[in-house]
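Student: Could you take me closely through one part of this structure, the place where the two chains meet, and set it against the domains and local backbone features around it? I would like one connected account rather than a list.

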Amino acid sequence: MDLNYSPAEQAFRAEVRQWLAAHVPAQPLPDFDSSREGFEAHRAWERTLNAGGWGMVTWPVDYGGRGLDLIRWLIFEEEYYRAGAPLRVNQNGIFLLGPTLIEYGTPEQKAHFLPAMAAGDEIWAQAWSEPGAGSDLAGVRATAVRDGDDYILSGHKIWSSRAVHADWAFGLFREPGSERHKGLSLILFPLDAAGVTVQPIKRLDGKPVFAELFLDDVRVPAANRLGEEGQGWAVCMSTAGFERGLMLRSPARFQVAAAKLVDLYRRRQGSVDPLAQAAVMQAWMDADAYALSIYATASRLMAGGAIGPETSTNKIFWSELDLDLHRTALSILGAEAELTGAAPDASADIQDWLDGYVFSLAGPIYAGANEIQRNIIAERMLGMPR
Amino acid sequence: MDFRLAEEQEMLAEMVGQMLADTCTGADLRRLHDSGEPRDAVRWDQIVAMGLPGTMAPERDGGSGLGQVEMALIAIACGHAALPEPLVEHAGIAVPMLAAAGADLGNALSGGTVAIGHSVNPFVADADAADALLLADGDAVHLVPRDAVTLVRQPSIDPFRRLFSVDWTPASATRIGGDALLDAALDRGALFAAAQLLGLAQRAVDLAVAYSKDRQQFGKPIGSFQAVKHHLATAQVKIEFARPVVLAAAAMPASPLARTRISHAKLAATAAAEAATHAAVQVHGAMGYSWEVDVHFLLKRSLALGQAWGTPAFHRARVADHIMSAPLGSDRTFDVASVGEAAREAA
């Protein structure tokens with residue numbers, strides 16, 4: 001066990017810090033959900049990142065990455081959030097589909113999709129959930145019918161984050177007549193293909209952050225299938241493992257939020273609920289514990305270990321810590337907390353706390369509801385009966 | 001950067017865990033309790049024969065010269081077994097204090113124990129069976145023979161915690177050190193209490209899982225019900241996120257951040273042990289409220305250790321001191337010196 005960064009790791013941090021200091025936009029970008037302009041500003045940032053070689057540092061060099069290990073990924077993320085760099089508009093692609101492509105993709109698929117993903121040329125949405133298949137994902141009904149070298153996709157997908165403006169989606173489709181975990185395939189399709197209708201859905205604050213996708217005889221080449229036909233469940237679970245387990249929510253995000261919360265508390269501590277101090281400390285400690293845990297997981301994976309049920313413990317922990325952290329911030333803001341950033345008398349950071357709070361509300365629901373994660377922990381980690 | 005246990009560390013944890021699984025079962029605990037003896041002589045002899053009292057003692061003094069990580073792993077195993085004997089306080093706190101003071105370790109490594117009176121704790125644990133006591137008098141530490149003090153038993157709800165108030169008179173001849181020893185003792189006490197809490201939390205979950213598979217209601221094992229699963233999954237999450245804090249706190253060299261992390265470890269492990277023992281009582285139902293099931297040994301140890309070596313309020317205040325004054329952020333998971341000069345210059 002060695003909890004010191006090597007000189008090479010320190011030099012890497014310095015390099016990242018220097019590059020970000022020179023390139024991170026001085027003004028925050030408009031958010032990527034509210035307007036096409038904001039979305040495209042984030043796409044431009046992805047291009048800048050990629051031009052600097054920072055699109056996805058863990059990917060192989062051949063696909064636009066740097067081939068770096070997970071400790072360096074953590075260092076990169078720590079510097080990225082520390083610098084206040086823009087949120088990753090292509091997170092479904094780079095964090096979820098990307099690692100799955102690297103694991104399951106054909107050489108042609110990797111060569112085609114990964115560089116375009118790293119460059120932000122193709123921004124991805126996820127098309128898993130359906131109106132009748134949320135927590136029970138194996139209940140998906142959308143179909144892929146083989147027709148020569150093509151598939152014909154039909155069905156109704158929902159809760160696709162960023163699909164309003166995204167270019168491509170990856171979805172779970174079943175062979176007609178198949179049931180549950182069998183007969184599923186993971187298929188990639190362009191969102192501007194004939195037969196795809198994208199219907200925005202407003203989040204509870206009115207922003208169109210996700211969409212319903214109606215697929216009406218959408219023809220895509222069979223070469224767009226990722227992994228073997230009928231093996232989609234196993235392929236998706238590998239995506240789900242990365243999503244819950246490691247990449248989607250890097251610890252730095254919460255460490256920076258916790259540091260901001262401490263700062264908010266320091267500025268207002270004379271007038272806040274006495275319970276807030278304990279909650280502020282808990283938020284800081286939880287962010288710290290999450291970081292330490294991910295360092296331990298990263299070290300284990302680098303030594304050849306595989307990701308396991310800690311994907312579920314991680315997901316519960318970060319989603320609950322994020323929610324608690326933002327609820328604490330609102331309690332410190334007190335009566336001001338209900339103001340939006342548009343209020344003339346609102347403090348400068350109020351919209352950020354409000355957005356963070358609204359976002360954190362979704363954490364225990366998406367990427368596998370926390371109730372499902374608790375079932376997984378009980379059954380797969382503790383060995384309790386199904 | 002490599003946050004993994006070394007193979008030898010894993011082997012040590014496994015070996016101690018196995019020895020305690022063999023010698024410190026629920027039946028062993030009950031037998032000791034009925035005997036009224038302070039410790040199980042056969043088990044203690046085995047612990048001494050394995051060299052565990054000298055875990056942290058320098059090799060030149062006959063010890064193993066191991067560090068806090070190894071001692072924390074041993075403490076996790078002791079917590080898991082609800083070990084009655086004072087191995088953790090003796091090997092993890094008293095022996096390093098004696099070694100730092102240059103005292104002779106011969107007796108302390110060959111079966112004798114030394115109890116510790118620290119101002120953070122109101123009473124001294126296991127004082128009656130100790131050969132000597134390390135006692136604080138203001139900033140001074142004294143090493144006092146057991147027969148030079150008067151002990152009054154203060155019964156604890158934990159049947160294996162033997163607490164005493166100590167009446168003694170400091171003399172210059174018994175003084176062996178000052179407040180540096182006491183500071184180090186407090187940090188080690190809190191760290192290894194956290195490690196024991198972590199071990200006992202896991203044991204509580206394990207007992208409840210086993211019971212939930214066995215106990216049938218409504219025609220099926222109660223462990224198949226989500227309400228039962230979720231109690232234990234919630235406790236397991238707390239354990240999973242206390243463990244790396246305990247291990248990091250043990251592995252870090254002394255620094256203000258390391259001290260904060262020890263307090264964090266104590267708080268996180270206390271919360272995990274509370275959640276796990278309470279969930280275990282609930283999952284066992286009425287049996288969990290009985291003397292017959294072993295869960296109460298863990299519940300009571302959790303109550304005791306959660307308040308020993310600094311109450312939650314004490315450790316929260318130490319965390320508050322750090323976070324309200326030190327720079328915070330995503331590059332501060334480990335000591336800032338390790339982030340490197342180059343990065344700081346680049347900033």
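Tutor: In this predicted model, the domain annotations give a frame for chain A, where an unreviewed UniProt entry lists residues 7-121 as "domain: Acyl-CoA dehydrogenase/oxidase N-terminal". That span of chain A is 63% helix and 0% strand, and its end C-alpha atoms lie 35 Å apart. For residues 125-218 of chain A, UniProt, again in an unreviewed entry, lists "domain: Acyl-CoA oxidase/dehydrogenase middle", and here the chain is 0% helix and 52% strand, with 17 Å between the end C-alpha atoms. In chain B, the feature that UniProt places at residues 184-323 is "domain: Acyl-CoA dehydrogenase/oxidase C-terminal", also from an unreviewed entry; this span is 79% helix and 3% strand, and its end C-alpha atoms are 21 Å apart.

With that frame in place, we can turn to the contact between the chains, to which chain B gives 50 residues and chain A gives 54 residues. On the side of chain B that touches chain A, the elements that give two or more residues are α7 (179-214), α8 (226-251), α9 (256-284), α11 (312-323), α12 (336-339) and α13 (341-346) of chain B. Of these, α8(B) gives the most, with 14 residues. Sorted by class, this side of chain B holds 30 nonpolar, 13 polar and 7 charged residues.

One helix pair shows how the two chains pack. Helix α8 of chain A, residues 275-302, meets α9(B) at an angle of about 95°, and the two axes are 11 Å apart. Because an angle from 65 to 115 degrees counts as roughly perpendicular, that term describes how α8(A) and α9(B) lie to each other. From α8(A), the residues that make the contact are Met285(A), Asp288(A) and Ala289(A), while α9(B) brings His264(B), Leu267(B) and Ala268(B). Together, the residues of this contact divide into 4 nonpolar, 1 polar and 1 charged.

A helix of chain B can be read by its two faces. Helix α3 of chain B, residues 41-49, has Arg43(B), Trp44(B) and Ile47(B) as its buried residues. These residues cover an arc of only 100° around the axis, and therefore sit on the same side of α3(B). Among the elements that cover them are α1 (7-23) and α5 (87-100) of chain B. The face of α3(B) turned away from the buried side carries Ala41(B), Val42(B), Asp45(B) and Ala49(B), which are exposed. Just after α3(B), the glycine Gly51(B) takes a positive phi of about 80°.

Finally, the backbone of chain A deserves a careful look. Most residues other than glycine have a negative phi. Trp159(A), although not a glycine, has a positive phi of about 60°, and this residue is found in strand β3, residues 150-161 of chain A. Asp217(A) is likewise not a glycine and has a positive phi of about 50°; its place is in strand β7, residues 210-221 of chain A. The surroundings of each residue can be read from its neighbour count: Trp159(A) has 21 other C-beta atoms within 10 Å and is therefore buried, whereas Asp217(A) has 11 C-beta neighbours inside 10 Å and so counts as exposed.

Terms used
Residues are numbered from 1 along each chain as its sequence is written. Chains are lettered from A and ligands numbered from 1 in the order in which they are written. This is a predicted model: local features need pLDDT of at least 70, side-chain atom pairs count only at pLDDT 80 or more; totals for chains, interfaces and linings use all residues. Two residues are in contact if their C-beta atoms, placed from the backbone, lie within 7 Å. Helices (H or I, at least four residues) and strands (E, at least two) are DSSP runs, numbered from the N terminus. Ala, Val, Leu, Ile, Met, Phe, Trp, Tyr, Cys and Pro count as nonpolar, Asp, Glu, Lys and Arg as charged, and the others, Gly among them, as polar. UniProt positions are given in the numbering used here, feature names are shortened, and annotations may be inferred rather than shown by experiment. Axes are lines fitted to C-alpha atoms, for helices over the stretch in contact, and angles run from 0 to 180 degrees between N-to-C directions. Angles under 35 degrees count as roughly parallel, over 145 as roughly antiparallel, 65 to 115 as roughly perpendicular and the rest as oblique. A residue is buried if 20 or more other C-beta atoms lie within 10 Å of its own, exposed if 12 or fewer, and partly exposed in between; C-beta atoms are placed from the backbone. The arc is that of the directions from the helix axis to the C-beta atoms.
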